There are 2 protein chains.
Amino acid sequence: MAKAKKPDRRVQRTRQLLQDALLAMVIEKGYDATTVQDIIDRANVGRATFYAHFPDKQTLLTSRLEDLRGLLTERRRQAPGPLGFSLAMLEHARSHLPLYRAIVGRESGAFIVQRIHRTIADLAELDLKALGFKGAPEQRRLAVEFLAGAFMAVLTWWLDEGATLPPEEIDGIVRRLVMQGLAIKLA
Amino acid sequence: MAKAKKPDRRVQRTRQLLQDALLAMVIEKGYDATTVQDIIDRANVGRATFYAHFPDKQTLLTSRLEDLRGLLTERRRQAPGPLGFSLAMLEHARSHLPLYRAIVGRESGAFIVQRIHRTIADLAELDLKALGFKGAPEQRRLAVEFLAGAFMAVLTWWLDEGATLPPEEIDGIVRRLVMQGLAIKLA
DNA sequence: CCGTACATGAACACGATGTTCAGTAATAGA
DNA sequence: TCTATTACTGAACATCGTGTTCATGTACGG
């Protein structure tokens, strides 16, 4: 373990200001449309200061996304079992609706969506492993992508509809679809 | 029907050049990284000319994507039944691998992915309607998003892996997942 | 052959990026 | 409290992409 010296108070403050400003701007104009200029204006921070902390917009966002990953992993620990993150994420999304819509909704940029997809896929893979999913690793990977993609799409749709349906209902439907499929005879 | 006067030969030529140049650049550097400058350089076309035809990069791409939509709809007509587009798309993707990877793979921009997702979702909705899917329209929509998201994710993964597995196998697995789900007891 | 529609390319204003640097302030540690 | 260190500032700068304009040249259709 590297000795993690507690960072200078100014550093903490600046990073916090920048992260908060980014989220506020993303909600306001979307990720792609948000410029570094917007962020530093909102945060009241010098231009040079931004680049002293983060090489670009993307890295700044990534630093913030670690929190979400942590939260989901934690919830998964609390509520074990496959798709343990599902309900947790749906509820978390609803209580941060504007942010989620900006990040994972129809208007968001590609980069963020991919990151979140990866997070979900990783969690799902843990689930499948724990269940002793039979089949080649390749098949497991395919199933994991299937699951993550499906979940992301449902989440996106739900958010874009205003997240009116209760999380429990969405969670239930997703589970049923994942479990039994459409339960329709396909060709 | 509007009388579709056949366009000036120069117009056809210019539009073709621009579309081809865009695809070439997307394969080379990805959609986001491709600039209008790149496109007109590659196409050997004046800057003003570009903007005389398309307001921006996005519209140029959209004009091209109509072709794919047409092709998928056509294939669906030929091979009716749910998920009729699945195998067709997988095969089409494999025979245009670099382009597909650039467009729908991990490196692509958000805009294109959303467009393709929409195309697939629309096709899937036709399938479900034809099958007499029971349940509220809202539930059907959710199922459609689920299906499209899952398919897109699998396609993305497959492409990023180099599309080594045969399309028929992927198609079969996707069908099974959609039909029966993971066939695992979930909590 | 001629009038029209299109292509050209250069110039322009604008805005965003990322870097540099000298000056100033806040901080941690003694 | 004092001091060396570290961080922030703000302005300037080069670079690049965008989208518009316009006068000029040229290929097209009829």
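**Entry 1: DNA strand C**

I began with DNA strand C, where a phosphate oxygen is 3.1 Å from an N or O atom in the side chain of A:Y51. I counted this as a polar contact, that is, a pair of N or O atoms within 3.5 Å; within protein, one must be able to donate a hydrogen and the other to accept it, and residues adjacent in sequence count only if both atoms are side-chain atoms. The model is predicted, with local features needing pLDDT of at least 70 and side-chain atom pairs pLDDT 80 or more, whereas totals for chains, interfaces and linings use all residues. Side-chain values use heavy atoms without hydrogens and water, residues are numbered from 1 along each chain as its sequence is written, and chains are lettered from A and ligands numbered from 1 in the order in which they are written.

From chain B, I noted a side-chain N or O atom of B:T49 at 2.9 Å from a phosphate oxygen of DNA strand C. A polar backbone atom of B:R10 lies 3.2 Å from a phosphate oxygen of this strand.

I then listed the surroundings, taking a residue as near a strand if one of its heavy atoms lies within 4 Å of it. DNA strand C has 19 residues around it, and the nearest are A:R47, B:T14, B:G46, B:T49 and B:H53. Of the strand C atoms that come within 4 Å of the protein, sugar and phosphate make up 62%. At least two residues of this surface come from each of α1, α2 and α3 of chain A and α1 and α3 of chain B. Helices here are DSSP runs (H or I, at least four residues), numbered from the N terminus.

By class, I recorded six nonpolar, seven polar and six charged residues near DNA strand C. Ala, Val, Leu, Ile, Met, Phe, Trp, Tyr, Cys and Pro count as nonpolar, Asp, Glu, Lys and Arg as charged, and the others, Gly among them, as polar.

**Entry 2: DNA strand D**

I looked up DNA strand D next and found 19 residues surrounding it, the closest being A:R10, A:T14, A:G46, A:T49 and A:H53. Sugar and phosphate supply 68% of the strand D atoms that come within 4 Å of the protein.

I noted a polar side-chain atom of A:T49 at 2.9 Å from a phosphate oxygen of DNA strand D. The side chain of B:R9 has an N or O atom 3.1 Å from a phosphate oxygen of DNA strand D. For B:R10, a polar side-chain atom is 3.2 Å from a base nitrogen of DNA strand D. Two or more residues of this surface come from each of α1 and α3 (47–53) of chain A and α1 (9–29), α2 (36–43) and α3 (47–53) of chain B. The class count near DNA strand D is six nonpolar, seven polar and six charged.

**Entry 3: α1 against α2 in chain A**

I examined helix α1 (residues 9–29) and helix α2 (residues 36–43) of chain A, which pack at about 120° with axes 8 Å apart. Axes are lines fitted to C-alpha atoms, for helices over the stretch in contact, and angles run from 0 to 180 degrees between N-to-C directions. The angle makes α1(A) oblique to α2(A). Angles under 35 degrees count as roughly parallel, over 145 as roughly antiparallel, 65 to 115 as roughly perpendicular and the rest as oblique.

**Entry 4: between the chains**

I found helix α9 (residues 167–180) of chain A packed on helix α8 (residues 137–160) of chain B at about 55°, with axes 11 Å apart; α9(A) and α8(B) are therefore oblique to each other. Contact means heavy atoms within 4.5 Å, and among the residues that make it are A:I170, A:I173 and A:L177 of α9(A) and B:L142 and B:F146 of α8(B). This contact has eight nonpolar, one polar and one charged residues.

Lastly, I noted that the axes of helix α8 (residues 137–160) of chain A and α8(B) come within 7 Å and cross at roughly 140°, which makes α8(A) oblique to α8(B). The contact includes A:G149, A:A153 and A:W157 of α8(A) and B:G149, B:A153 and B:W157 of α8(B). Its residues divide into twelve nonpolar, two polar and six charged.
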